[in-house]
Amino acid sequence: MSQQPPPRTVVVLAAGAGKRMKSGLPKVLHPLLGRTLVGHVLSAAAPLAADRTVVVVGHGADQVRAHLAEIAPQALPVLQADQLGTGHAVRVALAAVPDATGTVVVTYGDAPLLRPETLGGLVEAHERAGAAATVLAAEVPDPTGLGRIVRDADGQLQQIVEQRDTTPDQREIREINAGIYAFDADRLRDTLGKLSTGNAQGEEYLTDVFGLLRSAGEPVAVHVAPDHTETLGCNDRVELAGLRRLLRDRVNEAWMRSGVSLLDPETTWIDVTVALDRDAVVDQNTQLRGATVIGAGAQVGPDVTVVDTLVGPGATVVRSHAVGAEIGPSASVGPYAYLRPAARLAEKSKVGTFVEVKNSEVGVGSKVPHLTYVGDATIGEQSNIGAATVFVNYDGVRKHRTVIGDHARTGADNMFVAPVEVGDGAYTAAGSVIDQDVPAGAMAVARSRQRNIEGWVLKRRAGTAAAEAAERAGRAGSPGVSAGVTASEGEAMHVGTEPAGGACSTGDTATD
């Protein structure tokens with residue numbers, strides 16, 4: 001029977017000002033592929049199943065508290081009003097949980113690449129050894145600016161020395177303190193009261209706890225991270241960009257190894273919150289963000305941004321932008337389409353070039369091929385929306401809805417003035433403004449009759465290139481359309497006997 005782990009408390013140090021970020025946003029709230037810096041740290045700590053999670057806040061405390069309420073409401077924010085060092089910050093945290101026992105894990109809030117496995121390995125090694133304190137270390141190419149792990153002749157931890165306090169020999173050490181620790185709660189609490197400010201910074205260093213414990217004969221240990229990049233923090237936006245690239249590469253490699261094709265990983269950015277099924281294909285210059293899900297065999301990209309969107313199996317999205325949308329199986333989007341929140345495309349539907357869809361449903365097999373705005377509408381199954389159509393949904397005060405039935409064919413350059421409904425199998429003529437319901441199977445024509453004024457250009461625009469062209473055409477006997485067409489003849493020309501496909505009668509593009 002496995003032994004139950006001791007109680008655990010996680011302390012996240014997130015009070016620093018982050019001055020070198022030169023930002024009004026607290027450093028720990030800067031975003032990185034789907035989470036904030038502190039959000040990544042809390043996610044890494046979650047598998048520890050800690051009894052308490054304490055986040056020490058200071059700079060921008062109200063902003064950090066509000067963010068924690070969203071992403072980790074169980075976390076306890078504790079204010080460090082004066083930033084007097086890491087040792088002081090941990091004392092403030094433990095004062096808020098005076099009954100904490102077992103293991104206390106301390107980490108910085110700006111270490112977003114830390115893996116849960118590495119943090120878990122630190123805690124397990126600490127508890128297995130029965131150590132008073134264990135530090136996570138890493139071997140780095142350039143230790144400049146970082147605290148050094150100083151070992152004795154037996155390879156045991158002797159002390160942790162901050163960069164400002166190192167000797168010339170100690171500066172050559174490449175094993176550094178990652179700033180992540182595991183402590184025995186009781187021994188930590190006792191030792192924190194013995195910290196001094198006799199150092200270059202005049203602060204209480206948490207790292208001095210290790211020297212004090214060792215001097216008291218307490219066991220201290222070092223656990224080395226398998227990859228030093230996990231321990232990287234950031235002090236400015238250049239370093240933040242470096243972390244973003246490292247995390248991008250890690251995320252992309254994991255997806256490719258799981259059966260997803262990324263055609264150009266260096267230009268593909270996938271948030272850690274995104275899910276992709278096997279055999280999905282992601283082309284170059286693509287961003288997948290938020291709670292996006294990409295189905296099996298779907299093809300996304302190139303030049304696509306998808307945010308909080310479901311892309312169904314076998315769907316294609318090309319050179320488009322989607323936010324809060326749902327794209328059904330085998331549906332087609334783009335190029336140059338914009339799906340806004342609550343756009344829902346059913347199976348095998350199409351939203352084509354320069355089409356915007358918002359808060360609308362496009363039914364199974366229906367097509368909105370090009371140059372159209374669909375807002376607050378329901379389009380039934382197997383219907384076709386003609387080019388240059390606008391669903392006029394706003395009356396200046398409220399939004400209204402348009403309903404297009406199944407197997408409808410709407411003409412090019414239509415305006416649907418909501419609320420309005422077009423019945424199943426109905427047609428609308430090109431150039432119509434539809435502001436009344438159209439019965440099932442009817443043809444709606446809502447436009448004025450064409451009138452040609454013969455000779456107008458020669459009379460009103462004499463001497464222009466247009467007049468000269470008209471005069472030449474007249475001399476050549478070019479055929480024209482008589483202005484004396486009767487109303488019944490005019491109707492027959494536009495809505496009479498339907499040619500195959502109905503394209504001429506409505507101006508639609510049923511085959512696109």
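Select Thr 9 first, in strand 1 (residues 8–14), and then Arg 52, which is the bridge partner of Thr 9 in strand 4. Strands are here DSSP runs of type E of at least two residues, helices are runs of H or I of at least four residues, and both are numbered from the N terminus. What you are looking at is a predicted model, in which local features need pLDDT of at least 70 and side-chain atom pairs count only at pLDDT 80 or more, while totals for chains, interfaces and linings use all residues. Residues are numbered from 1 along each chain as its sequence is written, and side-chain values use heavy atoms, with hydrogens and water left out.

**Strand 1 and its neighbours**

Extend the selection to the whole of strand 4 (residues 52–57), which pairs with strand 1 in the parallel sense over 6 bridges; two strands are said to pair if DSSP finds at least two bridges between them. Strand 6 (residues 103–108) also pairs with strand 1 in the parallel sense, again over 6 bridges, and within strand 6 the bridge partner of Leu 13 is Tyr 108.

With side chains shown, Arg 8, Val 10, Val 12 and Ala 14 point one way from strand 1, whereas Thr 9, Val 11 and Leu 13 point the other way. Buried or exposed? In strand 1, 7 of 7 residues are buried, where buried means under 20% relative accessible area, exposed means over 50% and partly exposed lies in between, computed with a 1.4 Å probe on protein chains only.

Next, select residues 10–144, the range that UniProt, in an unreviewed entry, lists for "domain: MobA-like NTP transferase". UniProt positions are given in the numbering used here, feature names are shortened, and annotations may be inferred rather than shown by experiment. This span is 33% helix and 24% strand, and its end C-alpha atoms lie 28 Å apart.

**Aromatic pairs**

A search of the whole structure finds 5 aromatic pairs, counting rings of Phe, Tyr and Trp (its six-membered ring) whose centres lie within 6.5 Å, with planes under 30 degrees apart called stacked, over 60 edge-to-face and the rest tilted. Select Tyr 181 and Phe 210 for one of them: the ring centres are 5.7 Å apart and the planes stand at 45 degrees, so the pair is tilted. This pair links distant parts of the chain, with Tyr 181 in strand 10 (residues 175–184) and Phe 210 in helix 6 (residues 208–215), 29 residues apart. Tyr 181 is buried at 2% relative accessible area, and Phe 210 is buried at 1% relative accessibility.

Phe 391 and Phe 416 form another tilted aromatic pair, with 5.2 Å from centre to centre and 35 degrees between the planes. Here too the pair links distant parts of the chain, Phe 391 being in strand 32 and Phe 416 in strand 35 (residues 415–417), 25 residues apart. Phe 391 and Phe 416 are both buried.

Return to Tyr 181 and add Phe 183, since Tyr 181, Phe 183 and Phe 210 form one aromatic cluster.

**The annotated binding site**

Now select Ala 387, Asn 393, Tyr 394, Ala 430 and Arg 447, which the UniProt annotation "binding site" (unreviewed entry) covers. Tyr 394 is placed in the loop between strand 32 (390–392) and strand 33 (402–404), and is partly exposed, with a relative accessible area of 47%. A polar atom of the Tyr 394 side chain lies 2.9 Å from the backbone oxygen of Gly 396; a polar contact is a pair of N or O atoms within 3.5 Å, for which, within protein, one must be able to donate a hydrogen and the other to accept it, and residues adjacent in sequence count only if both atoms are side-chain atoms.

Which residue lies over the face of Tyr 394? Lys 399 does, at 5.6 Å from the ring centre, a charge being placed over a ring if NZ of Lys or CZ of Arg is within 6 Å of the ring centre and within 35 degrees of the ring normal.

Move on to Arg 447, in the loop between strand 39 (443–444) and helix 8 (456–460), which is partly exposed at 34% relative accessibility. The Arg 447 side chain reaches the backbone oxygen of Ala 430 at 2.3 Å.

**Strand 27**

Finally, select strand 27 (residues 350–358), which runs parallel to strand 24 (residues 332–333) and is joined to that strand by 2 bridges. Strand 27 and strand 29 (residues 367–375) also run parallel, joined by 7 bridges, and the bridge partner of Lys 358 in strand 29 is Gly 375.
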